[in-house]
Amino acid sequence: MHIDLLERVATAPISWGICEMPGWGYQLPVETVLNEMSATGFTHTELGSFGYLPPEPAELRAVLDQHNLSLLGGFIPLVLHDPTQTKSTLKTAAAAASAIAGGGGRFFITCAVSHPNNWRTQPLTASQWPIVANTLSQVEQIANDYGLAQTFHPHFGSLVETQTETTQMLSASNTGLVLDTAHLLLGGSDVVDMVKRYLDRITLVHIKDVNLSIAARVSAGELSLMQGIQQGLFPPLGQGGLPIAEIVNLLETPRRNLWYVLEQDTAIAEGDPTAIAQLRLDACQSIDFLRGLEPALAGVGASQ
């Protein structure tokens, strides 16, 4: 049976400015963030920066239950290309998988990085791609052992950033794809074309709109990702330059009940009392945009 679109929209702590990158901005308390998520109408969230929410399963479930939230999955940056770090990488993956599964999640979201604190020191070499594929396969086995589906996230500033690198990753492995509409665009991909070409590989959607003029400056290196975000890189859905309605229509046509994570990466300053209210307003505007798409989507495809 087909599940209505809005019942498949989750959020993530990054939408409330929670990020593991040093100097990102003021990190709101857990209670504040979860209260805001619930008040906005969300029923599911991703884990966010590992350690922000309690990693111990019973405690994690308890804190989410208090806010009528469930865990959808977790984003885990991993070093996949260096065989000297494989043992450490798999240990990190197992700990993360245990936390995600124990919290009731279903997705293990992998991102390939050079180092946990420096995501892209230099591009992968031809000889490193088979190592990436092999380590990714081992991570997938760990995820599967915990009842999770691994899905791979190309991310601006990571080792799989460009359209060529994303295509290479998809060719080298059988892992599903996280369609992050903004990060694919920042890496130079044609998002609509990627949806059409890899529809069957997409297992999760991170959906956000993009201010194209700011995106061009970020992609060109004139602004850092954080500087772009602070200047309004990710506006509410429907207020940027990505064809969000067309993308959602393409994704919904097969009626596969995909999950969407509404991410509007933000960085907020401490002591800004208007910031929290604005974050909720932005999320509500995005939800209203998706709600407006539902009548048009009602007759798309055949129900499962």
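Select helix α4, residues 129-145, in this predicted model. Its 17 residues should span 24 Å at 1.5 Å a residue, and the end C-alpha atoms are indeed 24 Å apart, so the helix agrees with expectation. Now colour its buried residues: Trp129, Val132, Ala133, Thr135, Leu136, Val139, Ile142 and Ala143. To see what lies over them, show β3 (70-78), α3 (86-102), β4 (107-112), β5 (149-152) and α5 (163-172), which are among the elements covering these residues. Past the end of α4, click on glycine 147, which has a positive phi, near 80°.

Stay on α4 and zoom in on threonine 135. What does the side chain of threonine 135 reach? It reaches the backbone oxygen of leucine 80, at 3.0 Å. Threonine 135 has a relative accessible area of 1%, so it counts as buried. Display Leu80, Thr86 and Thr89 as sticks as well: these are the residues in contact with threonine 135 once neighbours within four places in sequence are left aside.

Next, go to helix α1, residues 30-40, and pick serine 38, which lies in that helix. Is serine 38 buried or partly exposed? Its relative accessibility is 27%, so it counts as partly exposed. A polar atom of the serine 38 side chain lies 3.1 Å from the backbone oxygen of histidine 67. Add leucine 64 to the selection: serine 38 and leucine 64 are 26 residues apart in sequence, and their C-alpha atoms are 9.7 Å apart in space.

The aromatic rings come next. The whole structure contains two aromatic pairs. One of them is formed by tryptophan 16 and phenylalanine 42, in an edge-to-face arrangement with 6.4 Å from centre to centre and 85° between the planes. Why does this pair tie together separate parts of the chain? Tryptophan 16 sits in the loop between β1 (9-10) and α1, while phenylalanine 42 sits in the loop between α1 and β2 (44-46), so the pair links parts 26 residues apart in sequence. Switch on a surface and both tryptophan 16 and phenylalanine 42 turn out to be buried.

For another ring, select phenylalanine 234 together with lysine 208. Lysine 208 lies over the face of phenylalanine 234, at 5.5 Å from the ring centre.

Now select the cysteines. How many disulfides does the structure hold? It holds zero. Cysteine 19 is in no disulfide, and the nearest cysteine sulfur to its own, that of cysteine 111, is 11 Å away. The relative accessible area of cysteine 19 is 13%, so this residue is buried. Cysteine 111 is likewise in no disulfide, with the sulfur of cysteine 19 as the nearest, 11 Å away. At a relative accessible area of 0%, cysteine 111 is buried too.

Finish at helix α11, residues 275-297. This helix has 23 residues and reaches 33 Å from its first C-alpha to its last, close to the 33 Å expected at 1.5 Å a residue. Colour its buried residues, which are Ala275, Leu279, Asp282, Ala283, Ser286, Ile287, Leu290, Leu293 and Leu297. Then show what covers them, including β1, α1, β7 (202-207), α10 (244-252) and β8 (260-262).

Conventions:
Residues are numbered from 1 along each chain as its sequence is written. This is a predicted model: local features need pLDDT of at least 70, side-chain atom pairs count only at pLDDT 80 or more; totals for chains, interfaces and linings use all residues. Side-chain values use heavy atoms; hydrogens and water are left out. Rings of Phe, Tyr and Trp (its six-membered ring) pair if their centres lie within 6.5 Å; planes under 30 degrees apart count as stacked, over 60 as edge-to-face and the rest as tilted. Helices (H or I, at least four residues) and strands (E, at least two) are DSSP runs, numbered from the N terminus. Buried means under 20% relative accessible area, exposed over 50%, partly exposed in between (1.4 Å probe, protein chains only). A charge sits over a ring if NZ of Lys or CZ of Arg is within 6 Å of the ring centre and within 35 degrees of the ring normal. A polar contact is a pair of N or O atoms within 3.5 Å; within protein, one must be able to donate a hydrogen and the other to accept it, and residues adjacent in sequence count only if both atoms are side-chain atoms. Contact means heavy atoms within 4.5 Å. The expected span of a helix is 1.5 Å times one less than its number of residues. A disulfide is a pair of cysteine sulfur atoms within 2.5 Å.
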